[in-house]
Amino acid sequence: MANILDYLRWRGDLHWQASPLNDVDLLILAQLSYVNFDAQLGGEGRMDQRRSLAQTCAQLLQQDPQGQAVHQTSYLWAGNRQLMELLSLCTRFTGVDMAGYQSELDHQAQTQFGAVTYPLPQGGAVVAFRGTDDSITGWREDMALSYGDPAPAQRRSLLYLEKAAQAFFGPLYLCGHSKGGNLAVYAAACAGPQVQQRIRRICSFDGPGQQQALVQSPGYQQIRTRLRLYVPHFSIVGMLLEHEAAYQIVASEGGAITQHNAFSWQVLGPAFVSEAALSPESEAANRVLRQWIQGMDDQARRRFSQAIYDLLAATQADTLGQLAQTPLQSARAALRELYNMNPDEKQTLHTALNALITLALRSLPLPWRRDPQDGDAPPPS
């Protein structure tokens with residue numbers, strides 16, 4: 001089986017005229033948005049400064065060969081490094097530029113946002129939105145996607161798209177992996193008519209869905225036929241919230257939740273390898289999570305996510321990687337925070353977690369549970 005790295009090795013010599021822009025290309029550009037290009041491009045989102053994609057990747061590899069400044073968790077660096085090595089050499093991406101690189105992480109405002117625009121040699125541009133990095137702030141904002149007003153990153157995604165559309169003429173292609181996919185769909189749905197009519201395609205790669213109000217909005221209906229939603233065989237993130245019934249399931253060489261990693265997705269030529277249906281384990285887990293989320297109103301979701309964030313913030317860690325480096329110290333700090341929480345916060349956590357555990361025990365296949373037609377199941381040993 002082949003992945004996006006093999007795609008570049010085998011098809012990287014094909015010019016756009018020989019093989020037009022496809023969704024595998026868009027996944028590659030979405031994945032590249034995870035990389036920290038602050039030193040090469042700045043992080044202010046300036047559209048008036050264009051640089052060659054190939055030269056920018058080569059320069060970063062020279063300046064930061066160990067990936068010390070990479071945004072995403074460290075396990076992705078090996079893949080990202082190979083991706084940049086191939087992009088800096090292959091003919092296909094010759095002439096593709098990078099512009100408007102924007103990177104923002106604000107712990108106080110609980111905002112994590114990143115995006116980059118790729119002007120294309122044949123005209124138009126790809127607008128790629130970054131998914132969640134391993135910052136605790138980023139994961140806190142992810143939880144905010146399920147309630148209330150638009151999350152800060154969603155508001156920024158719309159402003160960013162409007163800025164990119166003003167800077168570059170021609171067709172627009174939007175893409176993003178994980179939260180980045182949610183941002184791409186949100187920005188397209190909320191954009192004005194003049195921007196919407198230029199959008200040719202919106203690709204969400206295992207990105208969460210949207211709130212019901214947005215799905216029912218006129219703006220979403222306008223771009224609905226241009227959505228392309230991809231999820232791996234085992235998908236959790238991409239099945240959250242409201243989403244289209246039509247999505248492509250991609251074969252992956254990863255196991256369970258690791259299939260969220262786009263480097264595990266299987267590619268054949270210019271397209272993804274498809275599976276007929278989600279795995280049974282994914283279906284069962286998604287039923288539980290959907291019932292759990294739907295069982296809480298907006299206020300309950302808000303209180304629960306804030307309580308979880310408070311527990312994590314008490315550890316003084318900024319990233320999940322830092323939590324993993326000091327597990328005992330982090331656990332003690334979180335327990336102290338839990339002990340000092342007010343009764344309402346404790347009740348919020350207890351109610352939500354109890355509901356999740358109850359749903360899981362009732363719904364997930366357990367080793368001692370048999371099909372009813374097999375007769376009474378023995379109790380767990």
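Asp-97 forms a salt bridge with Arg-50, with the closest N and O atoms 2.9 Å apart; a salt bridge here is a side-chain nitrogen of Lys or Arg within 4 Å of a carboxyl oxygen of Asp or Glu. Asp-97 sits in strand E2 and Arg-50 in the loop between helix H3 (38-41) and strand E1 (51-52), so the pair ties together parts that are 47 residues apart in sequence. Helices (H or I, at least four residues) and strands (E, at least two) are DSSP runs, numbered from the N terminus.

Some housekeeping: this is a predicted model, where local features need pLDDT of at least 70, side-chain atom pairs count only at pLDDT 80 or more, and totals for chains, interfaces and linings use all residues. Residues are numbered from 1 along each chain as its sequence is written, and side-chain values use heavy atoms, leaving out hydrogens and water.

Back to the charges: the structure holds 7 salt bridges. Here are three of the pairs, with relative accessible areas; buried means under 20%, exposed over 50%, and partly exposed in between (1.4 Å probe, protein chains only).

| Pair | N to O distance | Acid | Arginine |
|---|---|---|---|
| Asp-97 and Arg-50 | 2.9 Å | Asp-97: buried, 16% | Arg-50: partly exposed, 45% |
| Asp-25 and Arg-92 | 2.8 Å | Asp-25: buried, 0% | Arg-92: buried, 1% |
| Asp-6 and Arg-9 | 3.0 Å | Asp-6: buried, 16% | Arg-9: partly exposed, 43% |

Asp-6 and Arg-9 are 3 residues apart in helix H1, which means about one helical turn separates them. Elsewhere, Asp-23, Arg-201 and Arg-228 are linked in a network of salt bridges.

Helix H1 (residues 4-11) has more going on. Ile-4, Leu-5, Asp-6, Tyr-7 and Leu-8 are buried there, and the buried residues of H1 pack against helix H2 (23-32), helix H5 (77-87) and strand E9 (267-268), contact being heavy atoms within 4.5 Å. At the start of H1, a side-chain oxygen of Asn-3 comes to within 3.0 Å of the backbone nitrogen of Leu-5.

Now for strand E5 (residues 172-177), where 6 of 6 residues are buried. Leu-172, Leu-174 and Gly-176 point one way, while Tyr-173, Cys-175 and His-177 point the other. E5 pairs in the parallel sense with strand E4 (residues 125-129) over 5 bridges; pairing takes at least two DSSP bridges. Ala-128 stands opposite Cys-175. Strand E6 (residues 199-205) also runs parallel to E5, joined by 6 bridges, with Phe-205 as the bridge partner of His-177.

Terms used:
Polar contact = N/O pair within 3.5 Å; in protein donor to acceptor, adjacent residues only side chain to side chain.
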